[in-house]
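Student: Please take me through one part of this model closely. I would like to hear about the ligand sites and what lies around them.

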Amino acid sequence: MSAEQKRKRTPNGSSSPILVTGGAGFIGSNFVLEWFAAGNGPVINLDKLTYAGNPENLASIANLPGYTFVRGDICDAEMLKNLLERYRPRAIVHFAAESHVDRSILGPEAFLRTNIDGTFTLLRAAKVYLESLDENDRADFRFLHVSTDEVYGTLAPEDPAFHEQTPYAPNSPYAASKAASDHLVRAWVHTYNLPAIITNCSNNYGPYQFPEKLIPLMIANARRGKPLPVYGDGQQVRDWLYVADHCRALMSVLERGRIGETYNVGGCNQRTNLEVVTTLCTLLDELLPESEFRPHKQLLTYVADRPGHDRRYAINAEKLQRELDWSPQESFETGLRKTVEWYLANTEWVDRITSGAYQHWVEQNYGSREAVSARSAQ
Ligand code: NAD
Ligand code: TYD
C-alpha cells in the first residue's frame with residue numbers, strides 16, 4: 001500500500017473529507033463531534049434540517065475550517081451529484097432518516113420517502129461518483145449505512161439476541177422503511193460492487209436526542225411535573241447503548257470493517273421500559289433535591305399501547321467485538337447518569353425545541369391516549 005493510500009485509510013490527519021448525511025440529528029451530531037474530538041479529517045454535513053435536525057448541536061465545531069454544513073435533501077439527485085463532484089469525499093456515512101416509530105404510525109409517507117427513496121437516490125449518486133474515482137481512491141471509498149435492530153422484528157422473552165443472520169421481520173412503518181433501505185444497500189454491493197457496510201444498532205440514548213424519544217421525553221416531562229406516559233404495561237424490553245459508544249463503533253467499522261458485511265451494535269443492557277423510567281425518576285430525585293415534583297415516580301402514567309408494539313429487542317454484538325475489538329465503554333448506569341446530567345445542564349436546548357411544532361406533535365400522539373391508570377410504579 002502506498003504512503004498516500006495509508007494516509008487516506010487512517011482517519012487521523014486525512015485531508016479527504018467524509019460526507020455525513022443527517023449530521024444535525026441526534027446520532028449524526030454526536031458522531032461529528034466525536035469525529036473532530038478524535039482529530040479526524042474534514043466533514044461535509046448534509047442535512048435537510050427537518051424538525052429533528054438542529055445545527056445548534058454542532059455550534060462548538062461550526063467554525064472549524066474542516067467543517068462544512070450543506071442544507072439539502074438526500075432525495076435531490078442533482079444536488080447530490082454536484083456535492084460529490086465538488087467535495088470528493090472518501091466515504092459517506094449515512095444517518096439521514098425519519099427515525100421515530102410513533103411518527104411513522106401516524107404518517108408513514110415521509111419515512112418511505114426519505115428512508116427508501118432517499119437511500120436509493122444516495123446509492124445511485126454514490127455509484128456514479130465511485131466510477132469517476134481513480135483506482136486508489138476507489139479502493140479507499142466506503143459507504144457506511146447506519147441502520148437499526150428494529151429490522152429484525154420482535155423477540156420473545158427467552159429468544160436469543162438478534163445476530164447478523166437473523167431474518168428480517170420489520171413490524172412498524174419505520175422498521176419496514178429501514179429494512180428496505182438495508183436491502184437496497186445490500187443489492188448495490190452485490191450488483192454494482194459498491195463498497196458498502198451496514199450496521200444495525202440497538203436503542204441509543206445520550207445528549208442531543210430529540211425529546212420525542214423515551215429517555216429525553218421522560219426527563220423533560222418530569223422536570224416540568226408532567227405525566228410520564230408509559231405505553232401498555234411497560235414490560236417491553238430495549239437494549240440500550242450510550243450514543244458515544246455507537247459512534248466509536250461506527251468509526252471502527254468505517255476504518256476496518258469488511259465490505260459487504262453487516263455488524264450488529266448493542267449495549268448488552270436489556271431493560272424494561274418501566275425499569276428505565278423508574279431509574280430515571282430515582283436519578284431525578286437525587287439530582288433535583290429541591291423539585292416540588294419529588295418523588296418523580298408519582299408522575300408515572302400508563303397510557304394506551306403503541307399499535308404493533310415490538311415486545312423485546314436484544315443485540316448480539318459478538319462479531320463487532322471479535323473482528324474490530326469494540327466494546328461499549330459506558331454501562332447503563334454511568335451512561336444514564338451522564339445523560340440526565342446533560343439534560344439538566346441544557347434545559348434551554350430542550351425548551352427551545354419543545355416549543356412550537358413540538359406541541360402539535362404531543363397533542364397528536366398523546367391527545368388520544370387517555371391515561372389508562374395513574375398509579376405509581378411501585
Ligand atoms: P434523528 O431523527 O435524530 O436525525 C435524523 C437527521 O436526518 C436529522 O438531522 C434530519 O434533519 C435529517 N434528515 C431527515 N430527512 C432528511 C433528508 N430527506 N435529507 C437530509 N437529511 C434528512 O435520527 P437519529 O436518532 O440520529 O438516527 C440516525 C440514524 O441512525 C437513522 O438512520 C436511524 O435509523 C439510525 N438508528 C437510530 C437509533 C436510535 O436509537 N436513535 C438506533 C439505531 C439506528
Ligand atoms: P422510543 O424511544 O420511541 O424508541 P423505539 O420505539 O425505537 O424503541 O421508545 C422506546 C420504548 O419506550 C418503546 O418500547 C416505546 C416506549 N415509549 C413509551 O412507553 N412511552 C413514550 O412516550 C415513548 C415515546 C416511548
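Tutor: Keep in mind that this is a predicted model. Every value below is computed from it.

Start with ligand 2. Its surroundings comprise 19 residues. Glu150, Pro229, Arg306, His309 and Tyr366 are the closest of these. Glu150 also makes a polar approach: one of its polar side-chain atoms sits 2.5 Å from an oxygen atom of the ligand. Two other residues use the backbone. Leu214 places a backbone N or O atom 2.9 Å from an oxygen atom of ligand 2. For Tyr231, a polar backbone atom is 2.9 Å from an oxygen atom of the ligand. How much of ligand 2 does the protein cover? On its own, the ligand has 510 Å² of accessible area, and the protein covers 97% of that.

Now place that shell on the fold. Helix H4 (101–106), helix H8 (214–223) and strand S8 (228–231) each contribute at least two residues. S8 gives the most, with 3 residues. By residue class, the shell around ligand 2 holds 8 nonpolar, 5 polar and 6 charged residues.

Move to ligand 1. Here 28 residues form the surroundings. Ile27, Asp47, Ser99, Tyr174 and Lys178 come nearest. Look at the backbone again. A polar backbone atom of Gly25 lies 2.9 Å from an oxygen atom of ligand 1. Lys48 brings a polar backbone atom to 3.1 Å from a nitrogen atom of the ligand. Leu49 does so at 3.4 Å, facing an oxygen atom. Ligand 1 has 840 Å² of accessible area on its own, of which the protein covers 97%.

Which elements supply at least two residues each to the shell around ligand 1? They are helix H2 (26–37), strand S5 (142–148) and helix H7 (173–192). The largest share, 3 residues, comes from S5. The shell around ligand 1 divides into 12 nonpolar, 12 polar and 4 charged residues.

Next, the packing of the protein itself. The largest nonpolar core has 78 residues. Phe31 and Val93 have the most contacts inside that core. Helix H9 (residues 243–256) gives the most to this core, with 8 residues. Take Val93 as a way in. Setting aside neighbours within four places in sequence, Val93 is in contact with Ile18, Leu19, Val20, Thr21, Phe31, Leu144, Val146 and Leu254. Phe31 thus appears on the contact list of Val93. There is also a second, separate core, of 26 residues. Its members include Leu19, Val70, Tyr129 and Phe143. Leu19, then, is in contact with Val93, yet belongs to the second core.

Finish with one cysteine. Cys75 sits in the loop between strand S3 (67–71) and helix H3 (77–87). Is Cys75 buried, exposed or partly exposed? Its relative accessibility is 21%, so Cys75 counts as partly exposed. The cut-off for buried is under 20%. Beyond its neighbours within four places in sequence, Cys75 is in contact with Arg113, Thr114, Asp117, Gly118 and Thr121. Ile197 is 122 residues away from Cys75 along the chain, and the C-alpha atoms of the two are 21 Å apart.

Definitions and conventions. Residues are numbered from 1 along each chain as its sequence is written. Chains are lettered from A and ligands numbered from 1 in the order in which they are written. This is a predicted model: local features need pLDDT of at least 70, side-chain atom pairs count only at pLDDT 80 or more; totals for chains, interfaces and linings use all residues. Side-chain values use heavy atoms; hydrogens and water are left out. A residue is near a molecule or strand if one of its heavy atoms lies within 4 Å of it. A polar contact is a pair of N or O atoms within 3.5 Å; within protein, one must be able to donate a hydrogen and the other to accept it, and residues adjacent in sequence count only if both atoms are side-chain atoms. Accessible areas come from the Shrake-Rupley method with a 1.4 Å probe; for residues, only the protein chains shown count as cover. Helices (H or I, at least four residues) and strands (E, at least two) are DSSP runs, numbered from the N terminus. Ala, Val, Leu, Ile, Met, Phe, Trp, Tyr, Cys and Pro count as nonpolar, Asp, Glu, Lys and Arg as charged, and the others, Gly among them, as polar. A nonpolar core is a set of buried Ala, Val, Leu, Ile, Met, Phe, Trp, Tyr and Cys residues joined through side-chain atoms within 4.5 Å. Buried means under 20% relative accessible area, exposed over 50%, partly exposed in between (1.4 Å probe, protein chains only). Contact means heavy atoms within 4.5 Å.
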